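This briefing concerns a single protein chain with a bound ligand. Please consult the sequence and the model shown here before reading the notes that follow.

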Amino acid sequence: MAVPYYADDAVALYLGDSRELLPGLGLQVDLVVADPPYGETSLAWDRWPDGWPTLAASVARSMWCFGSMRMFLARGLEFTAAGWKLSQDVVWEKHNGSGFQNDRFKRVHENVLHWYRGDWRDQHRDVPTTLDATARAVRRKQRPPHMGEIGTGAYLSEDGGPRLMRSVIQVRSMHGRALHPTEKPIGILDPLIRYACPPGGLVLDPFAGSGSTLDAARQAGRRAVGIEADERYAEAAAKRLSNLVLDFGGAA
Ligand SMILES: C[S@@+](CC[C@H](N)C(=O)[O-])C[C@H]1O[C@@H](n2cnc3c(N)ncnc32)[C@H](O)[C@@H]1O
């Protein structure tokens, strides 16, 4: 049995290849949050870990996966062959972005796709609502005729009451303060985790990087296990997570 690189009451981080470590951990989790290398460039670190969607399917029935449209079009069959069904896509809109190619639009977003296995009715899905409703709140109380039958009931918002969170979520990127070059901010991870993992439930991040998912899960009152192959990032994640523990200890 592998020994965690870092652990506290809520989170555990392992150093190694998730495809080698995960089977031995004997986990069943409520939610996978995956941010794999997209495998789109020739950079040494940007290698798609073959077979990971199947491995994720062996431990969970719900998964958020970060990626680009190009990545999902190239790899989609790996998800569906592993039994994953797509429920929805969310867009994280960043305040800045990457302009690698000067003949294309500057990319200021990432896609996050929610996948599930089994019956949709068995999924934990706690629809996030915003509290910023104003006079602009939803006035239409009936499903518009063009939508037809799309599944379990429409959400009815009272004027002035909470509204469903929008699928395009604006959160500042970690540019200038990141521990990891592709670090995801807590602000985008938090609603994804709250949506698909019940309070106290267990989240797995097989590509943990800076430990952002573990941090976000812990702050949201969930537990989390992370695996990171690069010791530089595992070390940064452990430091980040232990600092937070000290901070919380002092506040209590
Ligand atoms: C896109 S980054 C994740 C960044 C992370 N979401 C964050 O917010 O910091 C992908 C990470 O997966 C790690 N990685 C790549 N292949 C892996 C594997 N087979 N097992 C575990 N980690 C892996 C890389 O070292 C890298 O840190």
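With the side chain of which residue does the side chain of Lys 184 make a polar contact? The partner is the side chain of Asp 35, at 2.8 Å; a polar contact is a pair of N or O atoms within 3.5 Å, where within protein one must be able to donate a hydrogen and the other to accept it, and residues adjacent in sequence count only if both atoms are side-chain atoms. The model is predicted, with local features requiring pLDDT of at least 70 and side-chain atom pairs counting only at pLDDT 80 or more, while totals for chains, interfaces and linings use all residues. Residues are numbered from 1 along each chain as its sequence is written, and side-chain values use heavy atoms, with hydrogens and water left out.

**Overall composition**

- The protein chain contains six helices and eleven strands, where helices (H or I, at least four residues) and strands (E, at least two) are DSSP runs numbered from the N terminus.
- Of the 252 residues in the protein chain, 44% are buried; buried means under 20% relative accessible area, exposed over 50%, and partly exposed in between (1.4 Å probe, protein chains only).
- Contacts in the protein chain between residues at least 6 apart in sequence join residues at least 24 apart in 70% of cases, a contact being heavy atoms within 4.5 Å.
- About 13,800 Å² of the protein chain is exposed, and carbon and sulfur atoms supply 54% of that area; accessible areas come from the Shrake-Rupley method with a 1.4 Å probe, and for residues only the protein chains shown count as cover.

**Ligand site**

- The ligand is surrounded by 23 residues, and the closest are Asp 35, His 180, Ser 210, Ser 212 and Glu 228; a residue is near a molecule if one of its heavy atoms lies within 4 Å of it.
- Helix 1 (18-25) and strand 11 (223-228) each contribute at least two residues to the shell around the ligand.
- A nitrogen atom of the ligand lies 3.0 Å from a polar side-chain atom of Asp 17.
- Oxygen of the ligand is also approached by side chains: an N or O atom of Ser 210 is 2.7 Å from an oxygen atom of the ligand, and an N or O atom of Glu 228 is 2.6 Å from an oxygen atom of the ligand.
- On its own the ligand has 610 Å² of accessible area, of which the protein covers 92%.

**Lys 184**

- Lys 184 is located in the loop between strand 9 (168-170) and helix 4 (186-196).
- Lys 184 counts as buried because its relative accessibility is 6%.
- In addition to the side chain of Asp 35, a polar atom of the Lys 184 side chain lies 2.6 Å from the backbone oxygen of Thr 182.
- Neighbours within four places in sequence aside, Lys 184 is in contact with Asp 35, Phe 66, Trp 92, Met 174, Leu 189 and Ser 212.

**Helix 5**

- Helix 5 (residues 212-219) is mostly covered, with seven of its eight residues buried.
- These buried residues are Ser 212, Thr 213, Leu 214, Asp 215, Ala 216, Ala 217 and Arg 218.
- Gly 221, which follows helix 5, has a positive phi near 80°.

**Helix 3**

- The 13 residues of helix 3 (residues 69-81) reach 18 Å from the first C-alpha to the last, close to the 18 Å expected at 1.5 Å a residue; the expected span is 1.5 Å times one less than the number of residues.
- Helix 3 bends by about 60° at Arg 75, the bend being the angle between axes fitted to the seven residues ending there and the seven starting there.
- Met 71, Phe 72, Gly 76 and Phe 79 are the buried residues of helix 3, and they pack against helix 2 (52-57), strand 4 (62-67) and strand 6 (107-116).
- Gly 83, just after helix 3, takes a positive phi of about 95°.

**Strands 5 and 6**

- Lys 85 belongs to strand 5 (residues 85-98) and is partly exposed, with a relative accessible area of 38%.
- The side chain of Lys 85 reaches the backbone oxygen of Gly 118 at 2.6 Å.
- Lys 85 and Tyr 116 are separated by 31 residues in sequence but by 5.2 Å in space, C-alpha to C-alpha.
- Glu 110 lies in strand 6 and counts as buried at 8% relative accessibility.
- The side chain of Glu 110 makes polar contacts with the side chains of Tyr 38 (2.9 Å) and Arg 107 (3.3 Å).
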